[in-house]
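Open the structure in your viewer and keep the selection tool at hand. Each stop below says what to select and what is there.

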Amino acid sequence: MLSLPIRDGIVADLGGGSLQLTQVRDRHLGRSVSLPLGTIRLTQRFLRGDPPSPAEVERLRREVGELLTQVLPAGRPGDRLIGLGGTVRSLGRIHLAARPDDRSRHGLRLRRADLTAIRSRLERVPGRLRHHVRGLKAERADTILAGVLVLEELMQRLGRQADLTVCTAGVRDGLLWSEAFGGPGLGSRSGRARLTRE
């Protein structure tokens with residue numbers, strides 16, 4: 001987060017067991033909430049077909065949507081959505097693999113249309129073959145679909161301007177930055193007290 005030119009927004013840290021949403025105001029952490037919407041958890045609970053059926057996908061979407069509606073921090077104009085975690089990095093890698101340029105994943109902005117295009121491809125591919133998708137590592141093949149569905153639902157609720165900014169750093173990087181330089185933001189001591197991780 002400190003390595004990106006973003007002052008206000010929502011940080012979405014998507015892991016295997018949970019999704020953590022944290023407000024950022026003037027580069028300082030605000031309210032934070034942890035939801036049971038991790039990629040492994042949702043895949044095991046909802047996506048049992050190979051590939052999953054439309055009904056399974058819809059049930060997952062409904063669960064994600066209901067939880068996000070209950071707790072999503074109120075946004076405001078100019079807010080950015082910053083994504084952390086292996087799923088977000090994988091989506092950036094998949095997106096760039098289809099384009100003949102050398103842009104970095106860090107700071108890459110993905111539109112909802114970009115995620116929808118990736119999800120449409122993944123939905124049609126059986127899990128055992130998903131590792132053939134360019135840019136997708138084999139260890140993410142089983143859970144990447146649940147992850148992109150979560151992020152699509154999140155972006156939808158944040159509004160039509162909500163692009164996803166890929167951050168390749170993580171919470172550990174923020175803590176290291178804070179310990180080394182004593183700066184505010186993702187790794188600050190005041191912010192750490194608000195972070196809850198599963």
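Select helices α1 (39-46) and α2 (residues 54-71). The crossing of α1 and α2 is right-handed in this predicted model. Their axes lie 10 Å apart, and the two helices pack at an angle of about 135°. That angle makes α1 oblique to α2, because an angle counts as roughly perpendicular from 65 to 115 degrees and as roughly antiparallel over 145.

Now show the side chains where the two helices meet. On the α1 side, pick Leu42, Arg45 and Phe46. On the α2 side, pick Glu56, Arg59, Leu60, Glu63 and Val64. By class, this contact of α1 with α2 holds 4 nonpolar and 4 charged residues, and no polar ones.

Stay on α2 and hide α1 for a moment. Helix α2 has 18 residues. From its first C-alpha to its last, α2 reaches 26 Å, close to the 26 Å expected at 1.5 Å a residue. Which residues of α2 are buried? They are Glu56, Val57, Leu60, Arg61, Glu63, Val64, Gly65, Leu67, Leu68 and Val71. Colour them, and look along the helix with one rule in mind. An α-helix has 3.6 residues a turn, so residues three or four places apart point the same way.

Next, bring back the surroundings of α2. What covers its buried residues? The cover includes two strands, β2 (19-25) and β3 (28-35), as well as the helices α1 (39-46), α4 (112-123) and α5 (144-158).

Move to helix α3, residues 86-97, and select α4 with it. The axes of these two helices come within 11 Å and cross at roughly 90°. That makes α3 roughly perpendicular to α4. Leu91, Ile94 and His95 of α3 make the contact with Asp114, Leu115, Ile118 and Arg121 of α4. Sorted by class, the contact of α3 with α4 has 4 nonpolar residues, 1 polar and 2 charged.

Keep α3 and α4 on screen and add Val148, which lies in helix α5. Is Val148 buried or exposed? Val148 has a relative accessible area of 0%, so it is buried, the cut-off being under 20%. Leaving out residues up to four places away in sequence, Val148 touches Thr87, Leu91, Leu115, Arg119 and Leu122. Two of these have appeared already: Leu91 of α3 and Leu115 of α4 are part of the contact between those helices. For a longer reach along the chain, select Thr39 together with Val148. The two residues are 109 residues apart along the chain, and their C-alpha atoms are separated by 8.9 Å.

For a contrast, go to Asp142 in the loop between α4 and α5. Asp142 is exposed, because its relative accessible area of 54% is over the 50% limit. Asp142 touches Thr43, Gly127 and Arg130, again not counting residues up to four places away in sequence. Its C-alpha is separated by 8.8 Å from that of His131, 11 residues away along the chain.

Finally, show the whole chain. Its secondary structure comes to 7 helices and 6 strands. Followed from the N terminus, the elements run β-β-β-α-α-β-α-β-α-α-β-α-α. Of the 198 residues of the chain, 51% count as buried. Among contacts between residues at least 6 apart in sequence, 65% join residues at least 24 apart.

Technical notes. Residues are numbered from 1 along each chain as its sequence is written. This is a predicted model: local features need pLDDT of at least 70, side-chain atom pairs count only at pLDDT 80 or more; totals for chains, interfaces and linings use all residues. Side-chain values use heavy atoms; hydrogens and water are left out. Helices (H or I, at least four residues) and strands (E, at least two) are DSSP runs, numbered from the N terminus. The expected span of a helix is 1.5 Å times one less than its number of residues. Buried means under 20% relative accessible area, exposed over 50%, partly exposed in between (1.4 Å probe, protein chains only). Contact means heavy atoms within 4.5 Å. Axes are lines fitted to C-alpha atoms, for helices over the stretch in contact, and angles run from 0 to 180 degrees between N-to-C directions. Angles under 35 degrees count as roughly parallel, over 145 as roughly antiparallel, 65 to 115 as roughly perpendicular and the rest as oblique. Ala, Val, Leu, Ile, Met, Phe, Trp, Tyr, Cys and Pro count as nonpolar, Asp, Glu, Lys and Arg as charged, and the others, Gly among them, as polar. A crossing is left-handed if the near helix is turned anticlockwise from the far one by less than a right angle, and right-handed if clockwise.
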